[in-house]
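Please look over the sequence and the model below before reading on. The paragraphs that follow lead through its pockets, one of its helices and its cysteines.

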Amino acid sequence: MEVRPTIVTCGAAVQAAGRALHGRGWTLATLLIESLQNIHLQAGIVSLNSLIAACNLGGRWKNSIELITSFKREGIQTDVWTWNSALGAGGNGSGWKRVLSLLKTMRHSAMQLDAVSSNSEIQSIAESRGWEKALLAIGGGGRCYCTNTIGFNSGISIFSSMSKWRGALALFAVICK
């Protein structure tokens with residue numbers, strides 16, 4: 001019985017490589033994706049998202065953006081997971097400008113933001129413009145990003161991590177209404 005690699009097994013290998021080597025696994029994950037052509041397989045979106053996640057773990061946000069750009073160029077359909085992985089890479093350190101730029105691009109491409117994307121936006125707004133603006137983004141403008149317990153908890157945690165207890169209490173007050 002001959003066992004041949006499939007998109008699923010390659011995706012699992014990319015994911016494992018991305019998690020390995022203490023943040024340096026993105027290079028191995030990239031090589032695995034590139035080697036798929038040699039065995040006549042085309043990477044699926046799950047494998048490609050795993051590669052972006054590997055870049056995230058390695059702090060390689062530029063690689064994440066380049067990958068999304070190449071996906072578009074090659075006609076590969078991205079999904080919210082693709083963008084959220086890139087947001088995670090862009091959000092490391094003082095990357096709030098990158099996150100807000102990516103979110104703007106997501107909106108222009110008609111990508112539906114989810115709780116992860118929204119939480120990245122709230123955190124970036126809080127880091128760049130202060131907790132008051134973040135609180136407005138959470139519940140202002142006719143849109144409320146915190147539509148469930150997880151969203152509210154994330155919002156409160158963001159304020160807490162920034163030692164902004166007033167923002168955390170204000171958000172808690174919104175929950176209690």
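**Pockets, a helix and two cysteines**

The second largest pocket has a volume of about 280 Å³. It is lined by 14 residues, and those closest to its centre are Gln15, Asn49, Ser50, Ala53 and Ser85. The model is a predicted one. Three helices each give at least two residues to the lining of this second largest pocket: H1 (7–19), H3 and H5 (80–90). H3 supplies the largest share, with seven residues. Sorted by class, the lining of the second largest pocket holds seven polar, five nonpolar and two charged residues.

The largest pocket has a volume of about 400 Å³. Its lining is made of 18 residues, and Ile33, Glu34, Leu48, Phe71 and Glu74 lie nearest the centre. The elements that contribute two or more residues to this lining are helices H2 (25–35), H3 (45–57) and H4 (61–73). Here the largest share comes from H4, which gives five residues. The lining of the largest pocket divides into 10 nonpolar residues, five polar and three charged.

H3 thus appears in both accounts: it gives two or more residues to the lining of the largest pocket and at least two to the lining of the second largest pocket. This helix has 13 residues, and from its first C-alpha to its last it reaches 18 Å, close to the 18 Å expected at 1.5 Å a residue. Its buried residues are Ser47, Leu48, Asn49, Ser50, Leu51, Ile52, Ala54, Cys55 and Asn56. Among them, Leu48 is one of the residues nearest the centre of the largest pocket, while Asn49 and Ser50 are among those closest to the centre of the second largest pocket. An α-helix has 3.6 residues a turn, so residues three or four places apart point the same way. After H3 comes glycine 59, whose phi is positive, near 70°.

The cysteines make a last stop. Is cysteine 55, listed above within H3, buried or exposed? Cysteine 55 counts as buried because its relative accessibility is 1%, and buried means under 20%. Cysteine 10 also falls under that cut-off, so at 12% relative accessibility cysteine 10 counts as buried. A disulfide is a covalent bond between the sulfur atoms of two cysteines. How many disulfides does the model have? With a disulfide taken as a pair of cysteine sulfur atoms within 2.5 Å, the count comes to zero.

Terms used
Residues numbered from 1 in each chain as written. Predicted model: local features only at pLDDT ≥ 70, side-chain atom pairs only at ≥ 80, totals over all residues. Heavy atoms only, no water. 1 Å grid on protein atoms, 1.4 Å probe; cavity = no way out; pocket = protein on both sides within 12 Å on 5 of 7 lines; lining within 4 Å. Points joined across faces, edges and corners; volume = space filled by probe spheres on them. Helix = DSSP H or I, 4+ residues; strand = E, 2+ residues; numbered from the N terminus. Nonpolar A, V, L, I, M, F, W, Y, C, P; charged D, E, K, R; others polar. Expected span 1.5 Å × (residues − 1). Buried < 20%, exposed > 50% of the residue type's maximum accessible area, 1.4 Å probe, protein only.
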